[in-house]
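Biologist: I'd like to go through this structure with you and ask how each label is earned. Could you bring it up on the screen?

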Amino acid sequence: MSEHRRGLRHVERTMGTVFSFDIRGTRAPAVASALAEAVSWLHHVDEVFSTYRPDSAVSRLARGELALDDCPAEVREVLDLCEQAADATDGWFSVTANGSLDPTGLVKGWAAERAARILQAAGAHDLCVNGGGDLQLGGEAAPGTPWRIGIAHPLRPRELCSVVTGRDLAVATSGSAERGAHILDPHTGTPAAGPASVTVVGRSLTMADACATAAFAMGAHARDWLEGLDGHEGFVVAWDGSIWHTRGFPGTACDGVRPGCRSLDRPSSSGRRRG
């Protein structure tokens, strides 16, 4: 059995989605304990931030029943990160797009990234934490082999539109093909007229997730913004099936489920781990 297969895998349903853990190369007791801690962390985040739980800290804060200083420390941390994301996206990322406090557009990526850090601190260096199709990856898939992440095509079920390749990266996709018009234009409060999907690749899933949401909300304005966004690259599928991507996007464009993928070295959505 190869070394990278002697790791740990786990699937957990929480925060209204499914999180999966793929830890390569180690089954050390400290890592197994950290995996349990990471799972507990995700459930804690759901209890604190869920807008569907009337007793969550965020719900009570939004109703004015709880002061920010009386909330768990994570709430202030997340709201500070949301403010940074709003500044970085010229206001296209917003925690009040629907008229009330809702930081969930950043929370899932932040929670998955923190779960990955818990595992890395315990010695799990090669890992993938997948939160509903948004991934935080550490190290590599196997010794000398980078991760390969298939991006689901938003218009062609069971097909891929791209494969991202790399080490120590985050991949986040936003779109309306599967969940409908759930992303709002923060300037109008109405559903954003975005493309079929936007994928953003960076190092931090917290910011990649927020940037993917903001780029979707921007619609036609996203291309120039993504090209100028330091430390991040983007890949977009339009509703007519055409694609565009930033110059440094670390992937290939695909033609189907078992594609002959073509290089994106020359300029011309949910993630699936393939490493």
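Modeller: Gladly. Let's start inside the sheet: the bridge partner of Gln-136 in β7 is Ala-170. Keep in mind that this is a predicted model.

Biologist: What makes β4 and β7 count as paired strands?

Modeller: Pairing takes at least two bridges. β4 and β7 (residues 170-175) are joined by two bridges and run antiparallel, so the pair meets the cut-off of at least two. On the far end of β7, Gly-175 stands opposite Ser-197 in β8, and six bridges join β7 to β8 (residues 197-202), again antiparallel.

Biologist: And what lies between β3 and β4?

Modeller: Two residues, and the strands form a hairpin; Gly-132 in the turn has a positive phi of about 60°. β3 (residues 126-131) pairs with β4 in the antiparallel sense over five bridges, with Gly-131 opposite Asp-134.

Biologist: Why is β4 called largely enclosed?

Modeller: Because five of the five residues in β4 (residues 134-138) are buried. Asp-134, Gln-136 and Gly-138 point one way, while Leu-135 and Leu-137 point the other way, and all are buried. That fits a general pattern: side chains in a regular strand alternate between the two faces of the sheet.

Biologist: Which strands make up the sheet, and in what order?

Modeller: Eight strands, in the order β1-β2-β3-β4-β7-β8-β9-β10, with antiparallel pairing in an open sheet. β1 (8-14) and β10 (243-245) are at the edges with a single partner strand each, so one side of each has no neighbour in the sheet. From one strand to the next the twist averages 10°.

Biologist: Which helices lie across these strands?

Modeller: Helix α1 (residues 29-49) lies across β1 and β2, running at about 15° to β1. Helix α5 (residues 205-218) lies across β4, β7 and β8, at about 25° to β7.

Biologist: Which residues touch the most other members of the largest nonpolar core?

Modeller: Phe-21, Phe-49, Leu-106, Trp-110 and Leu-119, out of 62 residues. The helix that gives the most to this core is α5, with eleven residues. A second, separate core has 16 residues, including Leu-135 and Val-171.

Biologist: How do you know that Trp-41 is buried?

Modeller: Its relative accessibility is 10%, and buried means under 20%, so Trp-41 qualifies. Trp-110, with a relative accessible area of 3%, is buried too.

Biologist: How many aromatic pairs are there?

Modeller: The count comes to three. In one of them, Trp-41 and Trp-110 have ring centres 5.2 Å apart and planes at 65°. The limits are centres within 6.5 Å and, for edge-to-face, planes over 60 degrees apart, so this pair is edge-to-face. Trp-41 lies in helix α1 and Trp-110 in helix α4 (residues 104-121), so the pair ties together parts 69 residues apart in sequence.

Biologist: Why is the pair of Phe-49 and Trp-110 called edge-to-face?

Modeller: Because their ring centres are 5.6 Å apart and their planes stand at 75°. Phe-49 lies in helix α1 and Trp-110 in helix α4, so this pair ties together parts 61 residues apart in sequence. Trp-41, Phe-49 and Trp-110 form one aromatic cluster.

Biologist: What else does Phe-49 touch?

Modeller: Leaving out residues up to four places away in sequence, the contacts of Phe-49 include Val-58, Val-75, Val-78, Pro-103 and Val-107.

Terms used. Residues are numbered from 1 along each chain as its sequence is written. This is a predicted model: local features need pLDDT of at least 70, side-chain atom pairs count only at pLDDT 80 or more; totals for chains, interfaces and linings use all residues. Side-chain values use heavy atoms; hydrogens and water are left out. Buried means under 20% relative accessible area, exposed over 50%, partly exposed in between (1.4 Å probe, protein chains only). Helices (H or I, at least four residues) and strands (E, at least two) are DSSP runs, numbered from the N terminus. Axes are lines fitted to C-alpha atoms, for helices over the stretch in contact, and angles run from 0 to 180 degrees between N-to-C directions. Contact means heavy atoms within 4.5 Å. A nonpolar core is a set of buried Ala, Val, Leu, Ile, Met, Phe, Trp, Tyr and Cys residues joined through side-chain atoms within 4.5 Å. Rings of Phe, Tyr and Trp (its six-membered ring) pair if their centres lie within 6.5 Å; planes under 30 degrees apart count as stacked, over 60 as edge-to-face and the rest as tilted.
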